[in-house]
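Dear colleague,

I am handing over the structure below, and after it I set out what was found. Please have it open while you read.

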Amino acid sequence: VGVVVVHCAARKMNATSILNWFAGGLDTNIERQLAFYGAYHTHPVNQLIHFVFVPLIWGTACVWTAYSPKLFKSAPYWCNLSLIGYAAYAGYYAVLDWKTAIFVDAFYFGVFLTANRIVRKEKEEALKAAKAGPQGKPTGKARPSYRAAKWALALHVLSWYMQIHPGHAIFEGRKPALLDSFVQSLTLAPLFVFYEAIWFLFPGYRADMRHNVELLIKDAHANM
C-alpha cells in the first residue's frame, strides 16, 4: 500500500488518472490482456518466480476470505466471500478464453477448496476445544486460532517480496505491472502464469494466439 501511495504521489496523479490506474485496462480481448501483463514478465527467471508465487498469493487470499461468515445460514462451509472471489476470477477467465479457462478454473477451484477445508478444520478444532471444558462444560464461544491466516500472511508477504525484488528489480529490470494498472494486473496474473506454463510445456498450443501476443509485447516494449 505504501509503495502504491508513493507511486501515485511521484507521478502527480489526479483523481481521474488514479481511477484509470486502479480500475482501467480490463476488456474481453485475451491477446491484448496477455500482452499487457506479458510485457512486464519476459525474463525466464521472473516468469518462474511468478509461476510459483502468484498462485500462492491467490491461495493465501482465499484462506483469509474463507474465515468470513457463510453467505446464508444453510449454505455449505465454502459458500463465503472466497466463493465470490473465485467466481469473479473464473467467470472473467471463461469470457476471455473458455477453452483454456476449463483447466485454469479447475486448478484454482482446487486451491479455493483446499483453503476452505483448512479453515473449516481449524474452526472444527476450536469448536471441540470450546466444548471440552471442565466436566464437559463449554468454555465459551468457539474462536478459531487463525493459525492458517498467520501462515497465509507470512507466505503472502514472502510471495510479494520474491516477485518485486528478485523478480522485477534484479532479473526483469522493469517495474511491476500493477504500478501501471492495478486491478488489471491482479486479475490477469493467475491466468498469465498458466499460459506461460502451457506454452513452455506445449509450444504449439494456440500458436496463432501466442504469436500475436508476442508481437503485441514487442510493440509494448518499443513504447515503454
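Please keep in mind throughout that this is a predicted model. A good place to begin is one aromatic cluster, which is formed by Trp58, Tyr86, Tyr89, Tyr92, Tyr93, Phe107, Tyr108, Phe109, Phe112 and Phe194.

Across the structure there are 15 aromatic pairs. One of them is formed by Tyr67 and Tyr146, whose rings lie 4.9 Å apart centre to centre, with 35° between their planes, so that the pair counts as tilted, the class between under 30 degrees for stacked and over 60 for edge-to-face. This pair links distant parts of the chain, since Tyr67 belongs to the loop between helix H4 (44–66) and helix H5 (81–96), while Tyr146 belongs to the loop between helix H6 (98–131) and helix H7 (147–172), and 79 residues separate them. As for how each partner is placed, Tyr67 is buried, with a relative accessible area of 14%, whereas Tyr146, at 41% relative accessibility, counts as partly exposed.

Another aromatic ring has a charged partner: the charged end of Arg120 sits over the ring of Tyr77, at 4.1 Å from the centre of that ring.

Finally, I would point you to Ser185, which is found in helix H8 (residues 182–201). Ser185 has a relative accessible area of 4% and is therefore buried, the cut-off being under 20%. Leaving aside residues up to four places away in sequence, Ser185 touches Phe36, Tyr37, Ala177 and Leu178, and the side chain of Ser185 also reaches the backbone nitrogen of Leu178, at 3.1 Å.

With best wishes

Key:
Residues are numbered from 1 along each chain as its sequence is written. This is a predicted model: local features need pLDDT of at least 70, side-chain atom pairs count only at pLDDT 80 or more; totals for chains, interfaces and linings use all residues. Side-chain values use heavy atoms; hydrogens and water are left out. Rings of Phe, Tyr and Trp (its six-membered ring) pair if their centres lie within 6.5 Å; planes under 30 degrees apart count as stacked, over 60 as edge-to-face and the rest as tilted. Helices (H or I, at least four residues) and strands (E, at least two) are DSSP runs, numbered from the N terminus. Buried means under 20% relative accessible area, exposed over 50%, partly exposed in between (1.4 Å probe, protein chains only). A charge sits over a ring if NZ of Lys or CZ of Arg is within 6 Å of the ring centre and within 35 degrees of the ring normal. A polar contact is a pair of N or O atoms within 3.5 Å; within protein, one must be able to donate a hydrogen and the other to accept it, and residues adjacent in sequence count only if both atoms are side-chain atoms. Contact means heavy atoms within 4.5 Å.
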